[in-house]
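I opened these entries to record what I looked up in the model, element by element. The fold comes at the start, followed by the single helices and then their packing.

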Amino acid sequence: MNDYLIVKTLHILSATLMVGTGFGSAFYMFFANRGRQSAAQAEVARLVVRADWWFTTPAVIFQPLSGLWLARQAGWPLSSGWLLASIGLFLFAGLCWLPVLRLQTCMATMARAAVAADQPLPARYWRYARYWEYLGYPAFCAMLAIYFLMVIKPGG
């Protein structure tokens with residue numbers, strides 16, 4: 001097996017890990033918040049933050065490095081429309097994801113404090129949860145569009 005196929009396989013696996021972790025985290029956080037059980041929300045938020053650091057962050061770093069290397073090796077010019085669109089969508093998703101990291105870290109801290117004090121979650125938690133969702137939907141859609149572009153390579 002040559003280097004190109006190894007990097008391509010790792011690129012696909014890391015994309016799957018990145019999007020899968022994001023979707024799974026969103027699923028559990030979404031439903032934990034709907035359940036309104038502070039202890040569950042604190043635990044899920046703690047694990048969502050951990051998953052982002054352990055899985056999503058390395059994949060987010062690897063994706064553009066491996067993607068640009070693969071494009072170069074395959075002879076795809078970076079000016080290709082599908083490649084430019086993919087890069088733009090990746091940057092857009094990243095601009096949504098960075099504040100999400102901060103929001104979910106704050107949410108985990110607030111939930112943990114509420115549980116420790118046997119108090120309800122503060123209004124700020126719920127405001128952050130709304131922002132977290134509002135940023136997550138477009139980022140996830142952008143990632144799905146990138147998958148489409150990577151598979152179809154329109155005009156390529």
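Entry 1, terms. I take helices and strands as DSSP runs, a helix having at least four residues and a strand at least two, numbered from the N terminus. I note at the outset that this is a predicted model.

Entry 2, overall fold. I counted the elements of the chain and found 4 helices and 0 strands. Read from the N terminus on, their order is α-α-α-α. I then looked up the extent of the C-alpha trace, which spans about 60 × 30 × 20 Å along its principal axes.

Entry 3, record. I consulted UniProt, where an unreviewed entry lists residues 12-32, 53-70, 82-101 and 134-152 under "transmembrane region". I checked two of these spans against the model. Residues 53-70 are 100% helix and 0% strand, with 25 Å between the end C-alpha atoms. Residues 134-152 are likewise 100% helix and 0% strand, and here the end C-alpha atoms lie 28 Å apart.

Entry 4, helix H2. I looked up H2, which covers residues 38-74. From its first C-alpha to its last, H2 reaches 50 Å over 37 residues, close to the 54 Å expected at 1.5 Å a residue. Where does H2 bend? I located a bend of about 40° at Asp52. Just after the helix, Gly75 takes a positive phi of about 85°.

Entry 5, helix H3. I applied the length check to H3, residues 81-116. Its 36 residues should span 52 Å at 1.5 Å a residue, and the end C-alpha atoms are 52 Å apart, so the expected and computed values agree. Just after H3, Asp118 has a positive phi, of about 55°.

Entry 6, packing of H2 with H3. I describe two packed helices by the angle between their axes and the distance between the axes. For H2 and H3 I noted an angle of about 160° and axes 9 Å apart. Angles over 145 degrees count as roughly antiparallel, and H2 and H3 are therefore roughly antiparallel to each other. The contact of H2 with H3 comprises 18 nonpolar, 7 polar and 3 charged residues. I recorded the crossing of H2 past H3 as left-handed.

Entry 7, packing of H3 with H4. I found that the axes of H3 and H4 come within 8 Å and cross at roughly 155°. These two helices are therefore roughly antiparallel to each other. I sorted the residues of the H3 contact with H4 by class and obtained 29 nonpolar, 2 polar and 1 charged. H3 passes H4 in a left-handed crossing.

Entry 8, packing of H1 with H4. At what angle do H1 and H4 pack? I looked up helix H1 (residues 3-35) and helix H4 (residues 123-152) and found an angle of about 150°, with the axes 11 Å apart. H1 is therefore roughly antiparallel to H4. I entered this crossing, H1 past H4, as left-handed.

Notes. Residues numbered from 1 in each chain as written. Predicted model: local features only at pLDDT ≥ 70, side-chain atom pairs only at ≥ 80, totals over all residues. Heavy atoms only, no water. UniProt positions renumbered as here; feature names shortened; annotations may be inferred. Expected span 1.5 Å × (residues − 1). Axes fitted to C-alpha atoms, helices over the stretch in contact; angles between N-to-C directions. Parallel < 35°, antiparallel > 145°, perpendicular 65-115°, else oblique. Left-handed = near helix turned anticlockwise from the far one by under 90°. Nonpolar A, V, L, I, M, F, W, Y, C, P; charged D, E, K, R; others polar. Bend = angle between axes of the 7 residues up to and from the residue.
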